[in-house]
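Notebook open, structure loaded. I'm jotting down what I looked up, starting with a cysteine.

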Amino acid sequence: MKWDMERLLQPLWQGNEVYRESFMPVRAPEEALQVPLLYQPETVTELWNAEMTTRYEPERDYRIQDGQLFIPAGSRIVGMTPDTYYPSHFEPGGCFWRRGGGYLKFSEGNYFHRYQYVVSYTHAGTWQGPVPQGQLASLPRLAGKLRDGRPVKVLFYGDSITTGANSSAVTGIAPYQPDWCQMVMAGLSARWPKAALSSVNTAVGGTVSAWGLEEVQHRAAAHRPDLAVIAFGMNDGSMGVSPEAYRDHIAGMMEAISAAQPEAEFVLVSTTVPNREALLTNDRPRHPETDEPGLEERGFYGTHDELLPALRQLCGPGAVLADMTGMHHGLLTRKTFRDMTGNNVNHPNDFLARVYAQTILAVLEDA
């Protein structure tokens, strides 16, 4: 094991140390690069490649300059070259069309993980993004079971992000960090050691909330969970599903689960957002003469931001919101999308998966 679960789950919005924040340089080896981090670093305590096989040396490979992490020319920290990240030619299955023209590198599995790095550092900054608030009081049945040490069954239900897509443990690469659902369970177990916790994950990649409603009886309600963590939205947003339809789908899931388990309570997880550069077409090269007008505007980024207020409408006693949409936007004010992605289109890497777990665990705290 090459990570510390307690430190992985330390909220990034608290304290003065960041543990293994990820980044992915895109540069030519002979070029220097400044890397934006969540905070201005004071002292770098460690810097590794994401696989934790090479530890890099200050001055030789990096230094702090003008309040940023600076990668000098000739550093061993290379990342991905621009012509690899933005291919000049179509690569079947290996790129998407890019907004504005050309192509954008894409890959599932652990491809991007092998080009990323992690840095731990101290800072004196203050988090400027949203801060999740404890809402355990709105889940009184769950709170009582946790405090009394009674059995608690947690259901995770959603799309590919909920399956753990691109987490290093799922793709079989060091440091084998668990997916965010497993980290949520680890965090709950650490806080409530007497509780008899169990979980089931019935998420399926590529699905939307309409599918979730169609499959709710045998994939969710049949498990009779005490807590249902519902996390659809990434694919809904890209398909342009309306907020009203999305809300009704999620509400239908909640009703079906509650009918099977009247004591069930809910965490509704809003989606992170996809890469704004990625367009939906990756099945053929761009043809400037025959491609229909407007096709270049059909991106992965769709109604994602509109789905957040739809989820808010469903919250109240017995149902709380984990706002990953706002959290991701907060991260993106300081970092690039590629720093936190597992496939460069719509999946989180290990770092962003940790933020999922941190946010949900914060919501499941007392106010």
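I checked Cys95 to begin with: it counts as buried because its relative accessibility is 0% (buried is under 20% relative accessible area, exposed over 50%, partly exposed in between, with a 1.4 Å probe and protein chains only). Note to self: this is a predicted model, where local features need pLDDT of at least 70, side-chain atom pairs count only at pLDDT 80 or more, and totals for chains, interfaces and linings use all residues. Residues are numbered from 1 along each chain as its sequence is written, and side-chain values use heavy atoms, with hydrogens and water left out.

Next I looked for disulfides, meaning pairs of cysteine sulfur atoms within 2.5 Å. The search of the whole structure came back with zero. Why is there no bond for Cys181? The closest cysteine sulfur, in Cys315, is 18 Å from the sulfur of Cys181, so that is too far. I also have Cys181 down as buried, with a relative accessible area of 3%.

Then I went to Lys105, which touches Cys95, with Tyr85, Pro87 and Phe112 also among its contacts beyond four places in sequence (contact means heavy atoms within 4.5 Å). Lys105 sits in strand S7, residues 103-105 (strands are DSSP runs of E, at least two residues, numbered from the N terminus). Is Lys105 buried or exposed? I get 11% relative accessibility, so Lys105 counts as buried. Its side chain makes a polar contact of 2.8 Å with the side chain of Glu91 (N or O atoms within 3.5 Å, one able to donate a hydrogen and the other to accept it; residues adjacent in sequence count only if both atoms are side-chain atoms).

Note on methods. Helices (H or I, at least four residues) and strands (E, at least two) are DSSP runs, numbered from the N terminus.
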